[in-house]
Amino acid sequence: MKLCLRMKRLLLCAAFFILSSSLFTLMAQDVIVNPDISYAGTARECEIGGISVKGVEGYEDYVLIGLSGLSVGQKISVPGNEITEAVKRYWKHGLFSRAAITADSIIGNKIYLCIHLASRPRVSRINYIGLKKAERDDMEAKLGLLKGAQITPNMIDRAKILAKKYFDDKGYKNAEIEIIQRDDVTSKNEVILDVSVDKKAKMKVRKIIFEGNDQLKDSKIKGSLISKGAFGKINEAGKFKNFYKAKKFTPERYDEAKKALIEKYNELGYRDATILEDSVWTVDDKHVNVFVKVDEGQRYFLRNITWVGNTVVTSDYLDRVLGMKHGDVYNQKLMKKRLTEDDDAVGNYYWNNGYLFYQLDPTEVNIVGDSIDLEMRIREGQQAHISHVRIFGNDRLYEEVVRRELRTKPGDLFSKDAIQRSARELASIGHFDPEKVNPDIKPNYEDGTVDINWELEQKSNDQLEFSLGWGQTGIIGRVGIKLNNFSMRNLFGKNRMKRGIMPIGDGEQLSLSLQSNGSYYSSVSGGYSTGWFGGKRPNSFSFSAFFSKQSDISSTYRNSAWMNNYYNYYGGMGMYNSSYYDYTSLYDDDKYIKLFGASIGWGKRLRWPDDYFNLSLALSYTRYILQDWNYFLIANGNCNNINLGITLSRVSTDNQLFPRRGSEFMASLTITPPWSAFDNKDYKNLASAETYKTDIDRYNDELQEKYRWIEYHKWKLKTKTFTPLSGGNKCFVVMTRVELGLLGSYNTYKKSPFETFYVGGDGMSGYSTSYAEETIGLRGYENGSLTPYGAAGYAYDRFTLELRYPFMLGNTTIYGLGFLEGGNAWAEMKNFNPFDLKRSAGVGLRIFLPMVGLMGIDWAYGFDKPYISSTSKGGSQFHFVLGQEF
């Protein structure tokens with residue numbers, strides 16, 4: 001029994017010994033591979049039997065394994081470079097904060113690897129501290145820090161560098177930027193970034209020390225450098241004070257100032273002028289000082305100018321175009337302008353006549369003392385014809401609609417003027433972003449041709465209007481739609497659905513508008529126009545019609561100042577019928593004026609004096625139906641106005657919304673038949689003051705007879721010019737405007753009560769008691785307050801000087817303006833005096849939104865007393881603007 005028990009114990013010990021030996025052998029086979037640890041002993045070659053990944057969620061294993069460069073079946077050395085390089089790849093990728101590779105086991109010659117990774121945190125929120133909204137938006141665009149993206153130390157360092165450069169460029173050279181990363185306790189493995197900016201004060205130049213200007217005196221350079229934002233006033237010691245006065249100091253601006261200085265020297269003939277040394281040092285935390293030392297060199301003059309290589313034009317002609325001769329200062333700036341930049345430059349003659357490959361190299365061939373001989377070396381090349389004209393970016397207009405605006409057609413000789421004119425026409429039709437109409441010219445030197453690619457960006461220019469307003473008569477509503485890409489041929493054609501729900505594609509205009517105040521006022525109008533009637537020639541056609549009704553609100557106006565003036569004027573002439581004024585209610589639907597009318601127009605683009613001119617004719621008819629309407633000379637009856645309008649216009653502006661150069665001109669004459677010349681009526685005694693006093697019924701009947709057919713002749717002149725004060729798209733632009741208008745009569749005793757001028761205010765037309773008149777804006781005064789006696793302006797003028805600057809250009813255009821304005825209106829043509837002005841000044845803002853159109857607000861101060869006002873001056877006035885005014 002005891003023997004058996006001893007045998008069992010012996011067997012148990014043997015089994016335990018064997019099991020322990022086996023486990024020790026297996027443990028001895030495990031190898032932990034870490035590239036950061038050096039192993040002793042000889043490396044052994046193993047085959048990768050398997051790879052697993054731990055520590056990262058959201059990625060497929062095969063993706064993460066692929067980053068390592070390792071694969072199952074690959075033979076590697078353990079320890080060896082393969083594992084080390086694999087770990088380096090993970091670190092180089094930048095997405096992981098921990099990367100290690102271990103061996104789970106080595107069985108025979110096969111090794112089973114485990115990749116341990118920890119992903120970098122993602123950004124859950126970014127806080128910008130110490131910045132304005134615009135600066136914050138810039139930072140978001142420039143720094144590259146995005147919500148939801150993984151963040152690395154390199155990204156933070158790069159963001160700091162970019163932020164520092166951004167504020168350096170804005171003049172904040174002492175700005176301090178700190179980016180703090182903190183854990184987001186609400187989300188796993190996410191962090192919050194706090195971008196804290198202390199901009200400090202802008203750096204400005206306190207003093208600049210300028211040495212070496214022995215020949216170029218202070219008065220010669222001061223104006224030029226100040227105009228470029230460079231140097232300010234100069235003292236007698238040669239020190240330029242107020243450098244960048246009220247401006248930031250940046251390295252870019254400083255480099256521009258130094259370049260401008262050398263250009264000024266070159267302009268005055270100092271071709272060898274150079275800056276010997278310059279330095280900038282910090283004075284305090286807000287200012288720097290600048291030192292500039294120049295070597296002016298000698299002043300040079302032109303001696304001989306010789307043209308070489310010109311065969312199509314004579315040297316005498318080129319001399320006249322250049323405009324520089326023997327003895328002139330060697331002005332390199334002027335020479336460059338006359339050779340390439342000016343509209344009538346030497347190069348433009350060649351480029352406008354097909355010589356695309358023309359080259360000119362002005363070479364100094366001889367320098368004797370202060371004189372220079374120039375040789376103008378011309379390589380004319382062959383004339384280039386246009387091979388292909390391609391249009392890209394157009395998806396709403398038929399291509400022929402775009403091509404008909406081009407002056408560049410296959411087979412034509414290359415012309416710089418034609419390309420510029422084509423770009424102007426494409427910008428002005430309103431269907432493309434005018435700031436992005438730029439031709440891509442591709443010369444083909446092998447065959448002497450040129451391809452022109454027009455890269456366009458479509459914009460929506462249809463407009464939808466819905467507005468509500470509140471006035472003394474209650475709520476005023478307006479609904480309108482204007483389609484600027486309408487297609488009449490697609491309205492009933494088979495292809496109308498191919499261009500969308502609306503028949504579009506031909507660039508025609510269709511408008512419809514409805515305005516109402518309930519039973520007091522309502523109007524509806526519609527119109528159609530096209531600039532290419534028939535589609536083959538630039539002949540315009542238009543048609544429009546309208547209807548409106550306005551009821552009397554006599555009780556509202558009974559005690560108004562302008563009605564008293566109206567009575568004093570017309571009542572004194574025996575033509576004011578006060579018996580009709582029964583103020584029993586706010587408005588009376590039985591007392592009204594109704595208007596309906598239609599017009600048809602035709603126009604043609606002229607070729608002489610140039611093809612910017614247009615001649616247009618319009619035949620119009622308007623019928624006035626008056627019932628107890630006591631705001632005109634005639635209160636009851638029907639009046640008819642049939643007239644012919646003749647307009648000569650010229651528009652050469654480069655942009656519809658924000659013109660920078662060019663002009664607008666319009667001269668028009670509107671005439672009616674001279675009814676009084678052949679109807680054999682005695683207008684002198686018809687509806688006379690004597691009749692009014694003795695027989696009021698007869699007087700009213702004679703008024704109806706007198707004004708059944710209205711007659712007049714109306715003359716108008718309007719001009720605008722646009723002049724940029726510098727180059728580039730964003731620049732100050734000076735706009736000038738001159739307007740004159742006269743309303744005359746064929747018969748002294750049949751003066752038209754309609755089509756008069758309603759002057760003063762915002763210039764927006766709308767309903768008023770003095771209907772059927774032309775509204776003329778003059779800011780700084782109330783609407784109509786410059787009209788004599790509140791009702792009858794038979795002559796007017798308006799003069800405007802406006803300075804504009806664009807804040808945003810493109811589909812959405814925003815610009816500010818400051819203006820001086822003057823104008824007036826007169827009750828008689830004989831009293832017209834263009835120097836008797838009502839003056840004003842102010843500032844304003846204009847905003848163009850594609851679906852809304854042009855909107856604006858002006859503040860103006862009127863300096864003179866208007867006709868209709870209880871104050872001695874127009875005073876402070878706000879004006880709201882809707883729509884473009886010529």
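Reader: If Ala, Val, Leu, Ile, Met, Phe, Trp, Tyr, Cys and Pro count as nonpolar, Asp, Glu, Lys and Arg as charged, and the others, Gly among them, as polar, how does the lining of the second largest pocket divide by class?

Author: The lining of the second largest pocket has 12 charged, 10 polar and 7 nonpolar residues. This is a predicted model, in which local features need pLDDT of at least 70 and side-chain atom pairs count only at pLDDT 80 or more, while totals for chains, interfaces and linings use all residues. Residues are numbered from 1 along each chain as its sequence is written, and side-chain values use heavy atoms, with hydrogens and water left out.

Reader: How much space lies in that second largest pocket, and which residues are closest to its centre?

Author: The second largest pocket holds about 1100 Å³ (the space filled by probe spheres set on its grid points). Asp343, Gln420, Arg424, Asp654 and Arg661 are the closest to its centre, out of 29 lining residues. A pocket here is an open set of points on a 1 Å grid where a 1.4 Å probe fits, with protein on both sides within 12 Å along at least five of seven lines, and lining residues have an atom within 4 Å of a point.

Reader: Which element gives the largest share of that lining?

Author: Helix 12 does, with 8 residues; helix 12 (416-428), helix 9 (332-341) and strand 16 (438-444) are each the source of at least two lining residues. Helices (H or I, at least four residues) and strands (E, at least two) are DSSP runs.

Reader: And where is Lys436, and what is it in contact with?

Author: Lys436 sits in the loop between helix 12 and strand 16, and, its neighbours within four places in sequence aside, it is in contact (heavy atoms within 4.5 Å) with Glu455 and Glu457. The side chains of Lys436 and Glu457 are joined by a polar contact of 3.1 Å (N or O atoms within 3.5 Å, one able to donate a hydrogen and the other to accept it). The C-alpha atoms of these two, 21 residues apart along the chain, are separated by 6.7 Å.

Reader: Is Lys436 buried or exposed?

Author: Neither, because its relative accessible area is 40%, which makes Lys436 partly exposed; buried means under 20% and exposed over 50%, with a 1.4 Å probe and protein chains only.

Reader: Switching to helix 16, which residues are buried there, and what covers them?

Author: In helix 16 (residues 696-706), the buried residues are Tyr699, Asn700, Glu702, Leu703, Gln704 and Lys706, and their cover includes strand 25 (637-651) and helix 15 (689-694). At the N-terminal end of helix 16, Asp695 acts as a cap, with a side-chain oxygen 3.4 Å from the backbone nitrogen of Asp697.

Technical notes. Ala, Val, Leu, Ile, Met, Phe, Trp, Tyr, Cys and Pro count as nonpolar, Asp, Glu, Lys and Arg as charged, and the others, Gly among them, as polar.
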